[in-house]
Structures are given as C-alpha cells and as structure tokens.
Amino acid sequence: MAGVRNIVVLTGAGVSAESGLPTFRASDGLWEGHHVEDVATPEAYARDPALVHQFYDARRARLVEVQPNPAHDALARLDAEWPGELLLVTQNVDDLHERAGSRRLLHMHGELTRGWCPASGGRCGWSGDMGQGAVCPACASVGRVRPDIVWFGEMPYGMDRIDAALARADLFVSIGTSGAVYPAAGFVRTARYHGAQTLELNLEPSHGSVFFEESRAGPASELVPRWVAEVLG
C-alpha cells in the first residue's frame with residue numbers, strides 16, 4: 001500500500017466467532033449464560049471464586065475444540081510477510097492468533113492459557129482446569145492462582161506499547177470489534193490524531209464506525225484475507 005509502513009491491527013470477538021467461540025455478550029446481555037458482574041470483575045472473584053474458576057475452566061476447555069479460521073490465517077500471513085512495523089492487538093483471550101502463526105501480537109485483555117499469582121507476581125502457561133486448588137509454580141502457594149485475564153475495573157495490558165505503536169502507525173485497522181469497549185474503542189481516534197489511515201472490517205457497522213475513513217461489512221473470514229491480499233500486493 002502506498003505510503004504505509006507501520007500498521008496496527010485491532011481484533012475483537014467477531015474474528016473468533018467464526019471459529020465457534022461466542023462473542024462477548026448475547027442479545028440478552030448475558031455472557032455465555034452469566035452476568036458479566038458475576039464472572040468478570042475482581043469483586044466477583046472475591047465473592048465467589050469457585051464460580052469464576054468454573055466459568056474460565058469451561059472456556060479454556062472449549063479452546064481445544066476449535067481451530068483458527070481464514071481471518072486468523074490471513075493475519076498470520078501479514079505478520080510473516082509485512083516488511084514494516086506491525087502490531088496485532090487483540091481483545092480476545094483465546095489463543096487462535098498464536099495457533100495460526102501470529103507473533104507480533106499483544107493480548108490487551110490477557111490470555112485464557114495463562115495463570116497469574118498475585119502473591120508472587122508470577123505468570124505462567126496453563127492448560128486444563130485451574131480451580132481453587134491451583135498451585136503457583138513460582139511460590140508454591142495454593143489457591144492464589146487466578147486466570148490471567150483483565151477483568152472490568154482492571155488496567156489492560158501493554159497500553160504504553162499500544163499508544164507508541166498508534167503514534168507511529170500509517171494505517172490502523174479494526175476487525176470484528178463492537179467499538180463500545182474502552183480503551184480499545186478510542187484507538188481509532190488516537191490513530192487519526194497522529195495522521196494514520198483508518199479502516200474497519202466488521203460483520204456490521206460498529207458503534208465507532210463513524211470515526212473510520214472506510215468501513216467494509218461482511219464476515220471476517222472473507223474480508224480479512226481479501227484485505228491482506230491487497231496490502232501485500
């Protein structure tokens with residue numbers, strides 16, 4: 001693409017939905033049958049850690065049943081072949097981007113396949129159930145390990161790195177996001193402030209479509225491979 005050297009891509013639940021993972025909230029406002037405040041806040045974890053662990057253990061188990069789709073594959077191709085700077089920022093906590101081959105990747109909301117022990121500050125890979133009896137591999141404390149997930153009320157990961165990449169970006173692309181969850185919903189305005197071109201690829205117009213110079217509607221598995229082919233020429 002003419003004049004484009006540095007690219008920042010943001011992906012949301014719409015990318016993984018085509019692999020069979022539910023999007024963040026259903027039309028009834030529930031997240032896989034639960035109210036968000038019951039499974040995705042520090043207060044929920046303090047109140048009922050068993051329920052929170054059960055919820056994330058089930059989501060972790062679901063990951064082994066799904067595979068990356070053509071949108072993940074296309075972004076991995078972009079990662080491998082793009083000669084300039086690239087940062088793929090995902091709001092998703094699944095590992096489908098990694099399994100497709102993406103490496104220049106930042107999980108701003110954490111990862112289902114990792115645990116975090118507040119007692120030691122250590123983070124580690126995690127497969128299978130975590131539950132309340134999980135043992136921290138760093139400090140051996142029992143029952144302190146929690147999913148390495150950024151819950152509501154907590155600070156997303158990598159914000160300094162994201163802000164720096166947006167400031168250098170020539171192109172910002174948002175894929176499969178609602179445009180309603182901050183701070184990610186504000187990335188397009190930050191990118192435009194610094195002079196970047198902006199493009200939205202989404203199943204339907206998002207809450208933030210008005211801020212993009214161009215929006216394309218359709219399934220990510222169709223739009224993303226087509227766009228990556230355009231970019232790589």
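A polar contact is taken here as a pair of N or O atoms within 3.5 Å, one able to donate a hydrogen and the other to accept it. In the predicted model, such a contact is found at the N-terminal end of helix H5, where Asn69 acts as the cap. A side-chain oxygen of Asn69 lies 2.8 Å from the backbone nitrogen of Ala71.

Helix H5 itself comprises 12 residues, from 70 to 81. The distance from its first C-alpha to its last is 16 Å, close to the 16 Å expected at 1.5 Å a residue. Ala71, whose backbone nitrogen takes part in the cap, also belongs to the buried residues of H5, together with His72, Ala74, Leu75, Ala76, Leu78 and Asp79. These buried residues pack against three strands, E1 (7-11), E2 (86-90) and E7 (171-175), and against the helices H1 (13-17), H6 (96-100) and H9 (220-232).

Helix H4 spans residues 49-63. Its 15 residues should extend over 21 Å at 1.5 Å a residue, and the end C-alpha atoms are 21 Å apart, which agrees with that expectation. The buried residues of H4 include hydrophobic and charged side chains alike: Val52, Phe55 and Leu63 are among them, as are Asp57, Arg59 and Arg60. His53 and Tyr56 are buried as well. The cover over the buried residues of H4 includes helices H2 (36-39), H3 (42-47) and H6, along with strands E4 and E6. Helix H6 thus appears in the surroundings of H4 and is also packed against by the buried residues of H5.

Strands E4 and E6 belong to an open sheet of 3 strands, arranged in the order E5-E4-E6 with antiparallel pairing. Strands E5 (123-125) and E6 (146-149) form the edges; each has a single partner strand, so one side of each lacks a neighbour in the sheet. On average, and with direction ignored, neighbouring strands of this sheet are turned by 50° against each other. The antiparallel pairing of E4 (residues 110-116) with E5 runs over 3 bridges, and Gly115 stands opposite Cys124 in E5.

The two edge strands are also linked through side chains. Arg123 and Asp148 meet in a salt bridge with an N to O distance of 3.1 Å. This pair connects distant parts of the chain, since Arg123 lies in strand E5 and Asp148 in strand E6, 25 residues apart. The two partners differ in exposure: Arg123 has a relative accessible area of 38% and is therefore partly exposed, whereas Asp148, at 3%, is buried.

In total, 11 salt bridges are counted in the model. One of them joins the side chains of Arg62 and Glu65 at 2.7 Å, N to O. Arg62 is partly exposed, with a relative accessibility of 30%, while Glu65 counts as exposed because its value of 56% lies over the 50% cut-off.

A further salt bridge is formed by Arg216 and Glu230, whose closest N and O atoms are 3.3 Å apart. Arg216 is located in strand E9 (residues 214-217) and Glu230 in helix H9, so the pair ties together parts separated by 14 residues in sequence. Both residues are partly exposed, Arg216 at 23% relative accessible area and Glu230 at 42%. Through salt bridges that share partners, Glu214, Arg216 and Glu230 are joined into one network.

Definitions and conventions:
Residues numbered from 1 in each chain as written. Predicted model: local features only at pLDDT ≥ 70, side-chain atom pairs only at ≥ 80, totals over all residues. Heavy atoms only, no water. Helix = DSSP H or I, 4+ residues; strand = E, 2+ residues; numbered from the N terminus. Expected span 1.5 Å × (residues − 1). Buried < 20%, exposed > 50% of the residue type's maximum accessible area, 1.4 Å probe, protein only. Contact = heavy atoms within 4.5 Å. Pairing = 2+ DSSP bridges. Axes fitted to C-alpha atoms, helices over the stretch in contact; angles between N-to-C directions. Salt bridge = Lys/Arg side-chain N within 4 Å of Asp/Glu carboxyl O.
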